[in-house]
Amino acid sequence: MNTLRIPWTSLLVAALCLGLASCTLIRESDDNGNGGSDNSMENGIPIGPNSGSGIVGPNGQNSGGGIVEAPDDAPLLDALIVVDLARSTTNIMDSYYAYLGLVEFALQENEVYFRNVAIAPMYRQQSSEPLLIFGQGDPNNVSQNPSEALDYYISDQGLAHLDGEVDTPGENLAALGLNMAHEAVFNPETAAAQGRAYFEEPSDGFVVFHLTASARDCGHDDADCALDGKAPADYFTDVDDETGNALWLNLPGSTGLPPDEIMHIAINTPEGVDYDDFVDSCTDQPNFPMSFIDFIEPSSEHEYYNPKISQIRSRGGAGTVVDLCTAFSSRAEQSARQTAGEIRQITR
């Protein structure tokens, strides 16, 4: 069995885990017996700061977590969460965590596991460079609790380190992907130090979660949204003729993955609808927290993710769009299972 660290400690997660035949949740200390800074090996799978299985759990809780035993031949995925750090996200971030946690549990139920999970701003940069601002289990995090880390970067103090901003939803992702073989987790207190790359050589797939509750500033087919002169769907599915790997994602060891093993999941507010229809659609979702309406908005003028994901799929890539109001409602578990089912497809 491959032993992978997970961060969840909430009662909801414990209850879900008890229902999974393949999941064993065990409390352990923060340092995992190795000082909390070095990776050890078990059955060829790294264990430690840069190998923690698990997206951020419901309510962002993380106290060093526990372990989950994965079968030796279980598919392992890496993930990058690209999140809009608008001020309003402070009020909805825990609901993002809860949905992502449900997706991971649905994957674990089918013996698919996350290995490395990082977070990056969708629009914010430092000195014209995008950053990884959190990496699950990475010793260089500003906080090992992902909720605290993101709260820091949404605060005035944290935003002071993210002094630049782009308008295109895919621009930071494109820049990070090209440099992923060298990209380390940023910490403002150790920014001058040269950190090691957070991600490793690829395993069975790579998942990109795009999280935004703000209106998009340009449409997918607009020139303002183009990446290297190409529509985003074309950019993220262009391949190297020799390897067949996507050109945008360079992982350590001069490695990568083909577009059909890279899953793009957009969790966003509706596009192409007016505000009244948007409110009605959210209201129709059972147990949607209506107080969130003050912090989220539709993208009435610009459609970006709907055409992007559709065209990525038509070009042989993988992707899906998740309605944010559904993800925040009592239909979240059903939606998460559907999302997990689509993620599983890239491991086959």
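This passage looks at the protein chain as a whole and then at one of its strands, β12, in a predicted model.

Start with the big picture. The protein chain has 348 residues, and 57% of them are buried. Its secondary structure adds up to 10 helices and 13 strands. Take the contacts between residues with a separation of 6 or more: 81% of these join residues that sit 24 or more positions apart. As for the outside, the chain exposes about 13700 Å², with carbon and sulfur atoms supplying 44% of that area.

Now for strand β12, which covers residues 262-268. Here, buried means that a residue has under 20% relative accessible area. Seven of the seven residues in β12 pass that test, so the strand is largely enclosed by the rest of the structure. In a regular strand, side chains alternate between the two faces of the sheet. In β12, Ile262, His264, Ala266 and Asn268 point one way, while Met263, Ile265 and Ile267 point the other way. Both sets are buried.

What does β12 pair with? One partner is strand β11 (residues 206-212), which runs parallel to β12 and is joined to it by seven bridges. Within this pairing, Val208 stands opposite His264 of β12. Another partner is strand β13 (residues 318-323), again in the parallel sense, this time over six bridges. There, Ala266 has Val321 of β13 as its bridge partner. His264 and Ala266, the two β12 residues just picked out in these pairings, both belong to the set that points one way from the strand, together with Ile262 and Asn268.

Definitions and conventions: Residues numbered from 1 in each chain as written. Predicted model: local features only at pLDDT ≥ 70, side-chain atom pairs only at ≥ 80, totals over all residues. Heavy atoms only, no water. Helix = DSSP H or I, 4+ residues; strand = E, 2+ residues; numbered from the N terminus. Buried < 20%, exposed > 50% of the residue type's maximum accessible area, 1.4 Å probe, protein only. Contact = heavy atoms within 4.5 Å. Areas by Shrake-Rupley, 256 points an atom, 1.4 Å probe, with all protein chains shown as cover. Pairing = 2+ DSSP bridges.
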